[in-house]
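Visitor: I like to see labels earned rather than handed out. Please take me through this model with the cut-offs on the table.
Guide: With pleasure; here it is.

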Amino acid sequence: MQEVSEKIRLEHEAARLFMRLYQRQFGVSMRHIWHNEPAKPDVSCYLAQQRLDLEIAHLYGSEAEAMQLLGRDLSPLTRDALAAQAQIPTPQRMLAALDRLIRQKAGKSYDSQRVWLVIRNTNPFWRTEQLQHYRQSMTLPAAQPFEQIWLVADYRGDAGIVALYPPDLYQQELR
């Protein structure tokens, strides 16, 4: 039961952080969150006056980070994926971790009209500048359910949020 409450706490914390940063950056009200049952994305809120569902994910760089963050043991599949990730040269690890996480979340089915994926970076060594370079190289599954994908660039949100998908969101930042 503690695993579930810790997971929910982390999801709510990440959702509140994202909502605050989004509202600050775009001046659009985001409010009133609640947790959903597994068939729906993790958290629901209102963006302006429209309901929006958020699927929350945490991006980590090592098994130790994931275990510390989640407060639990990892599945064998996640351990294997992280071990394989450790073999990837450091400059490509962030991209590989993002691709893996997005593929995993995109493979799920969500009972939602509008769902955004919000990824919270927990690795203190991965910086926004690195992401700026790699996001055009990300591999999104052809069929994925997300209207938008966002990254909270660091655990505390000090570096803000970065649009990952669709490309026209981040193309605006490059101009």
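Visitor: Where do arginine 9 and glutamate 13 lie, and how far apart are they in sequence?
Guide: Both belong to helix α1 (residues 2-26), where four residues, about one turn of the helix, separate them. Helices (H or I, at least four residues) and strands (E, at least two) are DSSP runs, numbered from the N terminus. This is a predicted model, so local features need pLDDT of at least 70 and side-chain atom pairs count only at pLDDT 80 or more, while totals for chains, interfaces and linings use all residues. Residues are numbered from 1 along each chain as its sequence is written, and side-chain values use heavy atoms, with hydrogens and water left out.

Visitor: What makes the meeting of arginine 9 and glutamate 13 a salt bridge?
Guide: The term asks for a side-chain nitrogen of Lys or Arg within 4 Å of a carboxyl oxygen of Asp or Glu. Here the N to O distance is 3.0 Å, so the pair qualifies. Arg9, Glu13 and Arg120 are also linked in a network of salt bridges, and the whole structure holds eight salt bridges.

Visitor: Why is arginine 9 called partly exposed?
Guide: Buried means under 20% relative accessible area and exposed over 50%, with partly exposed in between (1.4 Å probe, protein chains only). Arginine 9 has 39%, so partly exposed is the right label. Glutamate 13, at 25%, also counts as partly exposed.

Visitor: How do you know that aspartate 111 forms a salt bridge with lysine 40?
Guide: Their closest N and O atoms are 3.9 Å apart, so the pair passes the salt-bridge cut-off. Aspartate 111 sits in the loop between α4 (90-106) and β4 (115-121), and lysine 40 in the loop between β1 (30-35) and β2 (43-47), so the bridge ties together parts 71 residues apart in sequence. Aspartate 111 is partly exposed at 46%, and lysine 40 is partly exposed at 27%.

Visitor: Why is glutamate 55 called buried?
Guide: Its relative accessibility is 1%, so it falls under the buried cut-off. Glutamate 55 is part of strand β3 (residues 50-59).

Visitor: What makes the pairing of glutamate 55 with lysine 108 a polar contact?
Guide: A polar contact needs a pair of N or O atoms within 3.5 Å; within protein, one must be able to donate a hydrogen and the other to accept it, and residues adjacent in sequence count only if both atoms are side-chain atoms. The two side chains make theirs at 3.3 Å, so the distance fits. Contact as such means heavy atoms within 4.5 Å, and beyond four places in sequence glutamate 55 touches residues including Tyr110, Trp116 and Phe146.

Visitor: Is aspartate 53 buried or exposed?
Guide: Buried: its relative accessible area is 3%, so it meets the cut-off. Aspartate 53 lies in strand β3, and its side chain makes a polar contact with that of serine 44 at 2.3 Å.

Visitor: Which residues of the largest nonpolar core touch the most other members?
Guide: They are Leu59, Leu98, Ile119, Leu151 and Leu164, out of 23 residues. Seven residues, the largest share, come from α4. A nonpolar core is a set of buried Ala, Val, Leu, Ile, Met, Phe, Trp, Tyr and Cys residues joined through side-chain atoms within 4.5 Å.

Visitor: Why is β5 described as largely enclosed?
Guide: Five of its five residues are buried, so the rest of the structure largely encloses it. Gln148, Trp150 and Val152 are buried on one side of β5, and Ile149 and Leu151 on the other.

Visitor: How do you know that β4 and β5 pair?
Guide: Two strands pair if DSSP finds at least two bridges between them. β4 and β5 have five, in the parallel sense, so they pass. β5 and β6 are joined by four bridges and run antiparallel.

Visitor: Which element has the lowest mean pLDDT?
Guide: Helix α2 (residues 63-70), with 62, while β4 has the highest, 95. pLDDT is the predictor's confidence in each residue, from 0 to 100, and the chain averages 82.
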